[in-house]
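Reader: Hey, got a minute to walk me through this one? I'd like to go through strands, pockets and charged pairs in whatever order comes up.

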Amino acid sequence: SAKFVIEQPTLDLKEIGTDSKVSGKFTFVSGGKGTLKIVKTLSCCGVAIRGVKDGQEYRPGERGTLEFDWNTDSVVQSSVEKVIRLQTNDPERKFVSLTIKADVVRRVETDPKKLRLFLRQENAGCGDITIRSLDGRPFSITSFRSVGNSISADFDPNVTATEFVLKPQADMERLRKNVRGVISVNLTHPECGNVRVFYDVLPEFTINPVHLVVLDLRPGQPIEKEVSVIGNYTTDFEIESVSSQKGYMKLLEKKRVDDRFELRIEITPPARGGEKGGESSEAGGQDESVLLADTLEVKIKGGETLSLPFQGFYVMESARK
């Protein structure tokens, strides 16, 4: 009968870098008197395999080599295990697990790891970004990208070094539209192909809460909620209008308190979809009978419109009885 023989079903790669491609292989032997068949190969997330295909056969005494490429992610982890599974026609080993072990470590670091930016400061208050090799191996920078091309930086892809100091330039108009994002820098370091620097921008205005959720809606019974609109750079602003996209919310009261406006909002849930004697909800259907969605829009005079999503859930019939 067929027999799958492998001396090392576990391969320990020790330390490997984040954002890198690591390759290795497992070697096995067809050790029985019959032909060994690999019925099916099952890889795992981030690991690509080659050299062995579904249905591949090996004569008695023939060796087989399964090669793999593991693309690690950006997260530093210890004791990571990736398992490749093979289904064979070996009656004693119908399923074989090949395990890859490693500690994922950082080979290149950035300083800072996150940027805090401001719309009213020169260059958004964006300082230098240092990219430094932690294992002494030099590298080059091949690309510098950011969300919405909000931040750029000059670099020479022909220069190789163990440390680079980049001077990012902020596009203020694009930052207004992308107040939260990430800078992605590709490198030629053999064990770190990419580093990322996250950023967030203090926006002109903040609406709080950022999401309204109500769990006990009853048709036709209004609910009041408090909403704050804060000027992060100035208290000298006015609210031009407050409205909702579907008309389920309306402004009851608006008052200025220190650096903000306090809004009192009334939410009036319509009859649930299919409820007798009431109007059906706008979208209809089964989901709309328990879920209500709308968006409150606050227009700043001479400025932007802030959006506040709302989700409400009706009290279930059994709970109302």
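Author: Sure. This is a predicted model. In it, β10 pairs with strand β12 (residues 129–133) over four bridges, in the antiparallel sense.

Reader: Which residue in β12 is the bridge partner of Glu109?

Author: That's Arg132.

Reader: And which residues of β10 are on the covered face, and which on the uncovered one?

Author: Val108 and Thr110 make up the covered face of β10, while Glu109 and Asp111 are on the uncovered one. As a general point, side chains in a regular strand alternate between the two faces of the sheet.

Reader: OK, switching to pockets. What volume does the largest pocket have?

Author: About 220 Å³. Its lining counts 13 residues, and the closest to the centre are Ser74, Arg106, Thr110, Arg196 and Phe198.

Reader: Thr110 again. Which strands each supply at least two residues of that lining?

Author: β10 (108–111) and β18 (192–202) each do. The largest share comes from β18, with five residues.

Reader: How does the lining of the largest pocket split by class?

Author: Five residues are charged, four are polar and four are nonpolar.

Reader: Let's stay with β18 then. In what order do the strands of its open sheet come?

Author: The order is β11-β18-β17-β13, four strands with mixed pairing. At the edges sit β11 (114–118) and β13 (141–146), each of which pairs on one side only. Direction ignored, neighbouring strands of this sheet are turned by 20 degrees against each other on average.

Reader: How many bridges join β17 to β18?

Author: Eight, between β18 and strand β17 (residues 180–189), and the two run antiparallel. To give you one pair, Asn186 has Asn194 in β18 as its bridge partner.

Reader: Is Asn194 buried or exposed?

Author: Asn194 counts as buried, because its relative accessibility is 9% and the cut-off for buried is under 20%. Its place is in strand β18. For a sense of distance, Asn194 and Glu238 are 44 residues apart in sequence, and their C-alpha atoms are 44 Å apart in space.

Reader: New topic: electrostatics. How many salt bridges does the structure hold?

Author: The structure holds 24. In general, side chains of opposite charge can pair when their charged atoms come close.

Reader: Start with Asp200 and Lys114. What's the N to O distance there?

Author: It's 3.1 Å for the salt bridge between the Asp200 and Lys114 side chains. Asp200 lies in strand β18 and Lys114 in strand β11, so this pair ties together parts that are 86 residues apart in sequence.

Reader: And how do they come out for burial: is Asp200 buried or exposed, at its relative accessibility?

Author: Asp200 counts as buried at 11% relative accessibility. Its partner Lys114 counts as exposed, at 51%.

Reader: What about Glu67 and Arg50, how far apart are N and O in that one?

Author: The side chains of Glu67 and Arg50 meet in a salt bridge at 3.2 Å, N to O. Glu67 is in strand β7 (residues 63–71) and Arg50 in strand β5 (residues 47–50), so the parts tied together here are 17 residues apart in sequence. Glu67 is partly exposed with a relative accessible area of 31%, and Arg50 is partly exposed too, with 37%.

Reader: Which residue does Arg174 form a salt bridge with?

Author: With Asp171, where the closest N and O atoms are 3.9 Å apart. Arg174 is partly exposed at 40% relative accessible area, and Asp171 counts as partly exposed at 30%.

Reader: Which residues are linked in a network of salt bridges?

Author: Glu15, Arg107, Asp135, Arg137 and Glu191 are linked that way.

Reader: Last one, the strands further along. What joins β19 to β21?

Author: Four bridges join strand β19 (residues 205–208) to strand β21 (residues 223–231), running antiparallel. Within that pairing, Asn208 stands opposite Ser228 in β21.

Reader: And how many bridges join β21 to β24?

Author: Eight, between β21 and strand β24 (residues 260–267), which also run antiparallel. Ile230 has Arg260 in β24 as its bridge partner.

Technical notes
Residues numbered from 1 in each chain as written. Predicted model: local features only at pLDDT ≥ 70, side-chain atom pairs only at ≥ 80, totals over all residues. Heavy atoms only, no water. Pairing = 2+ DSSP bridges. 1 Å grid on protein atoms, 1.4 Å probe; cavity = no way out; pocket = protein on both sides within 12 Å on 5 of 7 lines; lining within 4 Å. Points joined across faces, edges and corners; volume = space filled by probe spheres on them. Nonpolar A, V, L, I, M, F, W, Y, C, P; charged D, E, K, R; others polar. Axes fitted to C-alpha atoms, helices over the stretch in contact; angles between N-to-C directions. Buried < 20%, exposed > 50% of the residue type's maximum accessible area, 1.4 Å probe, protein only. Salt bridge = Lys/Arg side-chain N within 4 Å of Asp/Glu carboxyl O.
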